[in-house]
Structure formats: C-alpha cells, structure tokens
Amino acid sequence: MALFKSAAVISGLTLVSRISGLARDTLIARTFGAGPITDAFWVAFRIPNLLRRLFAEGAFSQAFVPILGASRQKHGDEGIRPLLDRVALLLTAVLTLLVIVGIVAAPWVVTLIASGLRDHSRGEEFAAAVSMTRFMFPYILFMSLAAFATGVLNTWRRFAIPAFTPVLLNLSMIASCLWISPRLGLPIFGLAIGVMIGGVLQLAVQWAELAHIGLTPRLLKTRLAQAWSDPTVKRIIRQMGPATLGVSVAQVSLLINTNIATWLKPGSVTWLSLADRLMEFPTALLGVELGTVLLPSLAKHHSDANPGEYSALLDWGLRLACLLSLPAAVALWLLALPMVSTLYQYGKFSINDALQTRDALLGYSVGLFGIILVKILAPGFYARQMLKTPVKVAFVTVLVTQAFAWTLMWRIGHAGLTLATSIGATFNAAMLFALLVRRKLYAPQPGWGLFFARLVVALGV
C-alpha cells in the first residue's frame, strides 16, 4: 500500500508535468508549425536529451541507486556522506569535460544524428541546429546533477520533488516562446533559451531539497583523487559500463530513426517528436514512475535476501502495468487523430501535419504495452545488479527494430519508424519476462488467468 501511495503521488505530479508538456508542445506547434527550422530545433534538443537519458537518468541511475541503497543499509545515513560527495564531484568533473567537447564538436554531432541536414539546400537548418546544440549542451550537466539528486531523494523515499521538477522545464519553454522568441531575429532560438533556464531551475529545486534533508554534496571539501580511489565509486563506474551499453543500444534506434527522418519529407522530425510526446505521456505516467518506485524496494528485498517479496513486488508491478497501459494503448489507437487535432492543429500547424502526426502515433500505440512493461521488468535485473542480461537483450532488440524500420519506411514513411520501435519494444519485454521466469527470479502469482479475462472484457467494451 505504501508503494501504491508513492506511485500515486509520483504519477499525479507526473500528470501535471505531462499536461504542461502538452501545453508547451501545442504552443510550439501553433507558433512554429512543422517545417525545416522546427525540425532543426527538435534535432538540437534531441542531442542533450539523448545524452541525458544515456548518462543521467539511464546508466547512472541504474548503477547508482541499488548501490546507494545497499550502502545506506550497511553504513547508515551519516556513513554514506563521503560517498555522495565523491560521486557528485566525479560526475561534475566528467560531465563538464563532456560539455566542453560537445560544444566544440557540435557540427560533427549534428551530422551524426541528422545527416540529412548536410544537404546543400538545407544550410540554414544545419547552421541553426548547430547553434542551438552548442547553446543547449550544458543542459546535460544540469540534468545529470539533477539525476544524482533524484537518486538520493528516491532512496530516502522523497518522490514528490523529483516528479514535479520537469514542470519547470515546460513552464520555462512556454514563457520563452511567448516573451523571448518574438524579440529574436531567429525566434526558434527562444526555445533553446527556455531549455537552459528550465535545466537550471530543475537542478536548483532538487539541490534545495537535498539541503533540506542535510545531504547536499560538499564538492569544495572533496578531492578528485579521493573520488577516483573510493572502492564504492569504482564499483558504480564498473556497473555503469554495462548499464551504459544497455541504455545506449536502446537509444541507438532513436538516433538512427532521427537520422532517417531528416532524409524524409521536411517536417518528419517534428511529426515524430510530437507523436513521441503523446506516447511518452502514458509511458512516463505509468512505466517510468512505477519503475522508479520499484527499483529501491526491489534492491532492498535483494539485500535482505527475501526472494518471495522480490517476486511478489514484481508481480504487483506487472499487474498494475497491464491494468493501466492496455486501456491507454487502445485509447491512443482509437483517438489518435482527435487528440492530435485538438492539441496541435492551430496556427501554422496544418491538417496535413495533423494527419502525418496521427500516422506516427498509430505506430507507437501498438507498442505502448511493451514499452511500459520494459520499465517494470528491467528493474528486476538492475536491482540485483545483473546488468549484462538487459544489455544483451537490448542489443538484439536494436537489430530487430532496425530490420523492421528499414523494411517499413519504404512502405509507410516516417510511420514505419514508430511501428518498428513498437515491434522492438514488444520483443524486448517478451525476452526480459522469459529470462526472469527461466532464472526463477520471478514466479507469476495465482489469478493471472481471471485477471486477463476481466481486462479483455473491459477493453472490448
């Protein structure tokens, strides 16, 4: 019941975040439409976002949270203060270096993720994407430190603030679109300014919450040499290796799909981005937040050597995921065009843009169930610090996804990319589930047959 309340709090605050995110995207679509310059912004924004998912919310959190929970169990709250100081200092140093490299190498980074923009007829888009990429690259530093704070706060069962802070990014971008963009020679650049303001605000709010519980890292009182030599920090780094591979292979499909989309019709990147936002609404509300709540508790049950509770907790998460995600998938399928038209079709966003975004959303709806299940099943391995298995599964998933992407894109264009992503996610979830059962890490509890029968009837209605 405590976990359900935590999940409800997080989902409620995430709902606020996603609603503000939809308001943000509606305003962007209405103001800028779906064209070459808008594509340039989404390309530039995708780069720090991809790195954030790769290093911050992805690999770092998966390696850091289970080890932090075990260390707290062993050493107590005061005993792990040096660990927090050293991890935060090392994270700051590495990410600062990455930001500097990214700013210098921005033209090559944009070429890697959106090679279609290098066409001689799209020089203005390429230059805009490079400029916005350089400006937004420090966002990854802010969000990585925010991810550190999130991991600590979630371990201390303080879920509300981390779930709320994405609202600040959305509000910053909305404000920038309304009041900064009209004053710029290139109005779309106002969105990049909003991203940076939002990143600073997210970090500041979570850092303040760390200060409230007395866990603010003492960066100035810690030496980098101490951080490198700390055995627990080394263990986190070792765990981040396979975790990074696991998350990166999952992000490779997104990277390839974005690159492919830049070679399709102008506006394709925007259509995919807006459909992705609608798909992420239930994904974040259900999958990410359930995974966030489950991971610390699963890690604790593993540390306590309590396999029965471990399996029962996974079973609870899977049932709740089924109960909530399948109706959401049906709703996305049935209401795709009404939702897209209601949210986006204003101002410069035409009926053709709405139809193209609808097609991309239909492709995503097929795999929503699989995408959410992965968020529940993967923590079953992460909590036991068994990161190699999800990595191997994710690698095969990329191969499956891209095989379908290259096949389907010739038939249905950009919608083929989203359908391929859905097929890959379903394959990923099926493989993780089978391996958890085969290794006897999870045993389905009684009653699944009746549960599914009731669910099918409800979905039919």
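A nonpolar core, as the term is used here, is a set of buried Ala, Val, Leu, Ile, Met, Phe, Trp, Tyr and Cys residues joined through side-chain atoms within 4.5 Å. With that in hand, we can start on the inside of this predicted model. Its largest nonpolar core has 123 residues. Inside that core, the residues with the most contacts are Phe41, Phe64, Met132, Phe148 and Val152. Helix H15, which spans residues 351-382, supplies the largest share of the core, with 14 residues.

Let's zoom in on one of those names. Setting aside neighbours within four places in sequence, Val152 is in contact with Phe64, Leu68, Leu84, Leu210 and Leu215. Phe64 also belongs to the group with the most contacts in the core.

Now step back to the whole chain. It has 18 helices and zero strands. Of its 461 residues, 56% are buried. The contacts have a clear long-range character in sequence terms: take those between residues at least 6 apart, and 84% of them join residues at least 24 apart. As for the outside, the accessible surface of the chain comes to about 19,100 Å². Carbon and sulfur atoms account for 68% of that surface.

Helix H6 covers residues 139-155, and Thr150 lies in it. What does the side chain of Thr150 pair with? Its partner is the side chain of Gln206, at the other end of a polar contact of 2.8 Å. If you skip neighbours within four places in sequence, Thr150 is in contact with Gln206 and also with Pro162.

Next up is helix H13, residues 307-334, which is worth following from the surface inwards. On the surface there is a nonpolar patch formed by Val330, Trp333, Leu334, Leu335 and Val366. Together these residues have about 480 Å² of accessible area. Helix H13 provides the largest share of the patch, three residues. One patch member, Leu334, is found in helix H13. Is Leu334 buried or exposed? Leu334 has a relative accessibility of 59%, so it counts as exposed, the cut-off for that label being over 50%. Measuring along the chain, Leu334 and Ser365 are 31 residues apart, while their C-alpha atoms are separated by 9.5 Å.

Ser325 is found in helix H13 too, but its surroundings read quite differently. Its relative accessibility is 0%, and therefore Ser325 counts as buried. In sequence, Ser325 and Phe369 are 44 residues apart, yet the C-alpha to C-alpha distance between them is 5.7 Å.

Charged pairs come last. Side chains of opposite charge can pair when their charged atoms come close. How many salt bridges does a search of the whole structure find? The search finds eight.

One of them joins the side chains of Arg86 and Asp230, at 2.6 Å from N to O. This pair links distant parts of the chain, 144 residues apart. Arg86 is in helix H3 (residues 81-104), whereas Asp230 is in the loop between helix H10 (224-229) and helix H11 (231-261). The two ends also fall into separate accessibility classes. Arg86 has a relative accessible area of 22%, so it is partly exposed. Asp230 has 8%, so it is buried, since the limit for buried is under 20%.

Back in helix H13, the side chains of Asp315 and Arg319 meet in a salt bridge of 3.0 Å, N to O. Why are these two about one helical turn apart? Because Asp315 and Arg319 are four residues apart in helix H13. Both residues of this pair are buried.

Another salt bridge, 2.8 Å from N to O, brings together the side chains of Arg358 and Asp359. Arg358 counts as partly exposed because its relative accessibility is 22%. Asp359 is partly exposed as well, with a relative accessible area of 28%. Elsewhere, salt bridges that share partners join Arg24, Asp25 and Arg277 into one network.

Key. Residues are numbered from 1 along each chain as its sequence is written. This is a predicted model: local features need pLDDT of at least 70, side-chain atom pairs count only at pLDDT 80 or more; totals for chains, interfaces and linings use all residues. Side-chain values use heavy atoms; hydrogens and water are left out. Buried means under 20% relative accessible area, exposed over 50%, partly exposed in between (1.4 Å probe, protein chains only). Contact means heavy atoms within 4.5 Å. A polar contact is a pair of N or O atoms within 3.5 Å; within protein, one must be able to donate a hydrogen and the other to accept it, and residues adjacent in sequence count only if both atoms are side-chain atoms. Patches are made of residues with over 30% relative accessible area and no salt bridge: like charges are joined within 9 Å, nonpolar side chains (Val, Leu, Ile, Met, Phe, Trp, Tyr) within 5 Å. Accessible areas come from the Shrake-Rupley method with a 1.4 Å probe; for residues, only the protein chains shown count as cover. A salt bridge is a side-chain nitrogen of Lys or Arg within 4 Å of a carboxyl oxygen of Asp or Glu.
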